[in-house]
Amino acid sequence: MNAPMGLRERKKQRTRETISDTAITLFLEHGFDQVSVVDIAAVAEVSKPTLFKYFPTKEDLVVHRFADHQTVSSTVVAERPPGVSAIDALHQHFLDGLAARDPITGLNDDDDVLAFHHLVYSTPSLVARVSQYLAQAEEALARALADALDSDRAITAALLAGQVIATERILASVNWQRIVAGRSADEVHPEAVADADHAYALLRHGLAEVAPQK
């Protein structure tokens, strides 16, 4: 069990959440490029140096939420039950995310989540920062897969990690597109599950076996 946070840690966590929530509210109201770090610090009632202590870049005020997922896939692989393959564990984790309507899977129709998604993916600098987080997630997953796979070739783990991260990003993007088109998460869920099953079949068996060349 994790030890409970002390008063100092709780205060720091509240400050971090206040700064981030303030920034995202302002960005949604006025646009990312129209709001300065000075504006955010003033509304959050912190100094500019304090803000940067919690968030090194303006983009991190928004996309730090993606950082929470950087080690999720690698943890799923490292902590999978005995006898469960790495791919099976990752597949089940993604299906669980769909069932829980985890925004990272793209299957979430909450208005606030949709607004946040639009903010991120309509702002080039935020898209670039998300790409950096995805690259770091890929590196973490490659390390976990290197330990899990029965192979002495590091390239195997790196290639598979890249395929997993890209696959889940595409699945999420397709789900978002369906939601933005006006469909509900509940309506899209069966298709999202079928797509995930198909995608992970490709990862397990390769394109040639699932869709052989004519």
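## A walk around glutamate 168

Not counting residues up to four places away in sequence, glutamate 168 touches Ser73, Leu90, Phe94 and Tyr200. Keep in mind as you explore that this is a predicted model. Glutamate 168 itself belongs to helix H9, which covers residues 154-180.

Where is the nearest side chain of opposite charge to glutamate 168? That side chain is arginine 169, and it is 10 Å away. Glutamate 168 is buried, yet it has no salt bridge. A salt bridge here needs a side-chain nitrogen of Lys or Arg within 4 Å of a carboxyl oxygen of Asp or Glu.

Let's follow one of those contacts, serine 73. You can find serine 73 in helix H5, residues 72-78. Once neighbours within four places in sequence are left aside, serine 73 is in contact with Leu90, Leu141 and Glu168. Serine 73 counts as buried because its relative accessible area is 11%, and buried means under 20%. Now look from serine 73 to asparagine 108: the two are 35 residues apart in sequence, and their C-alpha atoms are 20 Å apart in space.

Next comes aspartate 60, in helix H4 (residues 60-67). Is aspartate 60 buried or exposed? With a relative accessible area of 3%, aspartate 60 is buried. Its contacts, leaving aside neighbours within four places in sequence, are Phe55, Arg129 and Tyr133.

Here is how four residues compare in accessibility:

| Residue | Relative accessible area | Status |
|---|---|---|
| Aspartate 60 | 3% | buried |
| Serine 73 | 11% | buried |
| Aspartate 109 | 35% | partly exposed |
| Leucine 28 | 41% | partly exposed |

Now for the two partly exposed residues in the table. Leucine 28 sits in helix H1, residues 7-30. Which residues does leucine 28 touch, not counting those up to four places away in sequence? They are Ala115, Phe116 and Leu119. Leucine 28 and leucine 90 are 62 residues apart in sequence and 33 Å apart in space, C-alpha to C-alpha. Leucine 90 may ring a bell: glutamate 168 touches Leu90, and serine 73 is in contact with Leu90 too.

Aspartate 109 lies in the loop that runs between helix H6 (86-99) and helix H7 (111-121). Together with Asp110, Asp111 and Asp112, Asp109 forms a patch of negative charge on the surface. Aspartate 109 is partly exposed because its relative accessible area is 35%.

Definitions and conventions:
Residues numbered from 1 in each chain as written. Predicted model: local features only at pLDDT ≥ 70, side-chain atom pairs only at ≥ 80, totals over all residues. Heavy atoms only, no water. Patch = residues over 30% accessible without salt bridge, like charges linked within 9 Å, V, L, I, M, F, W, Y side chains within 5 Å. Areas by Shrake-Rupley, 256 points an atom, 1.4 Å probe, with all protein chains shown as cover. Lys, Arg positive; Asp, Glu negative; His and termini not counted. Charge placed at Lys NZ, Arg CZ, Asp CG, Glu CD. Helix = DSSP H or I, 4+ residues; strand = E, 2+ residues; numbered from the N terminus. Buried < 20%, exposed > 50% of the residue type's maximum accessible area, 1.4 Å probe, protein only. Contact = heavy atoms within 4.5 Å.
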